[in-house]
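Please open the structure in your viewer and keep the selection tool at hand. The tour proceeds by short stops, each with a selection to make.

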Amino acid sequence: KIKNIQARQILDSRGNPTVEVDVITENNILGRASVPSGTSKGKYETFELRDNKENIFFGKGVLKAVQNVNDIITPELIGKPVLDQIYIDQLMLELDGTINKKRLGSNAILAVSLATAKAASNELNLPLYKYIGGIYTCLLPIPLINIVNGGKHSNASSIVFQEFMIVPIKANSFVEAIQMGHKVFYHLKNILDKKGFSTSVGDEGGFSPNFNGIEDALDHILEAIHIANYVPYDQIAIAIDCAASEFYKNHKYDYSHFEKFEKSENETKNLIKSREEHIRYLSYLVRKYPIISIEDGMDQNDWEGWKLLTHEIGDKIQLVGDDLFVTQAKKLNEGIEKKVANSILIKVNQVGTLTETIETINIAKKNKYKNIISHRSGDTEDSFIADLSVAFNIEQIKTGSLCRSERISKYNQLLRIENALGKYSSYSKWN
Ligand code: PGA
Ligand code: ZN
């Protein structure tokens with residue numbers, strides 16, 4: 001049974017406030033969790049409660065959410081069974097009573113939800129992934145390793161697409177995948193350094209130099225894969241997150257605002273693309289580069305565009321809905337019905353409880369949509385999502401580059417899990 005719950009304000013990887021919660025059981029067992037926060041948020045994500053007091057943390061304080069946990073959620077949950085996750089989550093949803101968790105804040109609810117699961121696993125003395133997933137858990141995910149940051153995740157970078165990732169698809173183990181990624185990451189650093197580019201990193205730890213546009217970034221990544229002696233496609237492929245909702249304006253895909261390099265008037269015109277031109281450009285990129293996955297290729301409300309894109313390249317590569325589905329069952333069901341995308345990004349704080357996250361994961365599985373577990377650009381040292389991916393044998397995880405501790409904490413947890421599973425572990429196959 002839950003004896004007490006204590007919430008507090010801590011800082012995320014950008015130094016912005018976020019919620020941390022301790023759930024303590026009657027046996028004085030602790031479960032502690034903190035919640036992440038995005039920058040390029042989907043419009044339909046659940047409500048993240050901020051204090052909006054401009055003179056304190058520029059309005060980003062979360063003391064109201066902390067108070068909601070301590071004053072409203074805690075009295076309700078004291079004495080309730082810590083092992084009954086569904087019941088605990090349901091109680092909080094009823095207590096909130098709104099569709100998007102507007103009353104208590106999804107950051108308040110999620111922190112309690114995740115801390116409850118951790119307390120329960122500690123209570124039973126089980127690893128978190130075993131507690132959540134049960135007896136079948138054994139699969140380590142393929143990491144989509146961030147290597148270049150653009151879009152809203154870096155103001156130094158000159159590229160409109162938000163993320164460029166490398167995907168070590170032909171590794172024999174998770175540890176080997178990380179080592180392959182590490183090699184390419186450092187070769188890219190070396191190449192950039194030699195050419196006089198900046199090697200400082202963006203929010204998710206990828207490099208963010210002033211590239212001469214998207215293809216320049218892809219050419220550099222490809223060069224690093226070659227120098228590292230890997231066969232593109234076969235051993236290491238590329239994934240991108242366009243985060244297209246961030247540059248969709250007046251029914252156009254407007255590359256011009258982000259792409260800061262010198263352009264003639266004519267070039268600027270070409271950078272404002274119609275839906276069809278944007279799709280044509282994406283399929284051109286897929287033909288030219290070893291790209292196997294595109295996330296948020298289209299805007300979150302451009303369902304027509306999503307349909308066209310899926311029709312165009314959905315049978316060739318992975319098309320991932322992030323802002324499009326916001327980890328919510330209703331949105332995913334809509335996408336399945338309309339045959340839009342073929343994969344979903346899973347972010348616990350887009351939906352706000354562990355129970356609802358699991359519901360969405362299961363809908364995707366049932367309908368043969370791939371799940372990709374994901375961090376946020378503002379994250380903490382909490383490695384919950386590493387366990388979550390193994391719990392459901394999820395084939396892929398996206399959790400940043402191979403630097404910055406809030407990213408590495410997830411990789412390290414996966415290394416621990418692989419180590420603990422030993423010969424019973426296996427590394428995902430790309431299919
Ligand atoms: P965010 O970005 O955490 O800033 O929303 C991550 C993503 O778009 O995948
Ligand atoms: Zn995304």
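In what order do the strands of the open sheet of 3 strands stand? This is a predicted model, and in it the order is β9-β10-β11, with antiparallel pairing.

**First stop: the sheet.** Select residues 248–249 for β9 and 272–273 for β11. Both strands stand at the edges of the sheet, and each has a single partner strand, so one side of each is left without a neighbour there. Next, add residues 252–254, which form strand β10. Strands β9 and β10 pair in the antiparallel sense over 2 bridges. To view this pairing at the level of residues, display Y248, which stands opposite Y253 in β10.

**Second stop: the zinc ion.** Select ligand 2, the zinc ion, together with D241, E295 and D322. Which atoms of these residues act as protein donors to the zinc ion? The donors are OD of D241, OE of E295 and OD of D322, and they lie 2.0 to 2.2 Å from the ion. Along the sequence, the donor residues follow the spacing D-x53-E-x26-D. Now colour strand β8 (residues 236–241), which contains D241, and strand β12 (residues 291–295), which contains E295. This pair links distant parts of the chain, as D241 and E295 are 54 residues apart. Are D241 and E295 buried or exposed? Both residues are buried.

**Third stop: an annotated region.** Finally, select residues 2–132, which an unreviewed UniProt entry annotates as "domain: Enolase N-terminal". Over these residues the chain is 38% helix and 18% strand. The end C-alpha atoms of residues 2–132 are 18 Å apart.

Note on methods
Residues are numbered from 1 along each chain as its sequence is written. Chains are lettered from A and ligands numbered from 1 in the order in which they are written. This is a predicted model: local features need pLDDT of at least 70, side-chain atom pairs count only at pLDDT 80 or more; totals for chains, interfaces and linings use all residues. Side-chain values use heavy atoms; hydrogens and water are left out. UniProt positions are given in the numbering used here, feature names are shortened, and annotations may be inferred rather than shown by experiment. Helices (H or I, at least four residues) and strands (E, at least two) are DSSP runs, numbered from the N terminus. Two strands pair if DSSP finds at least two bridges between them. Donors are N, O and S atoms within 2.8 Å of the metal (3.2 Å for Na, K and Ca); water is not among the atoms, so sites may look incomplete. Buried means under 20% relative accessible area, exposed over 50%, partly exposed in between (1.4 Å probe, protein chains only).
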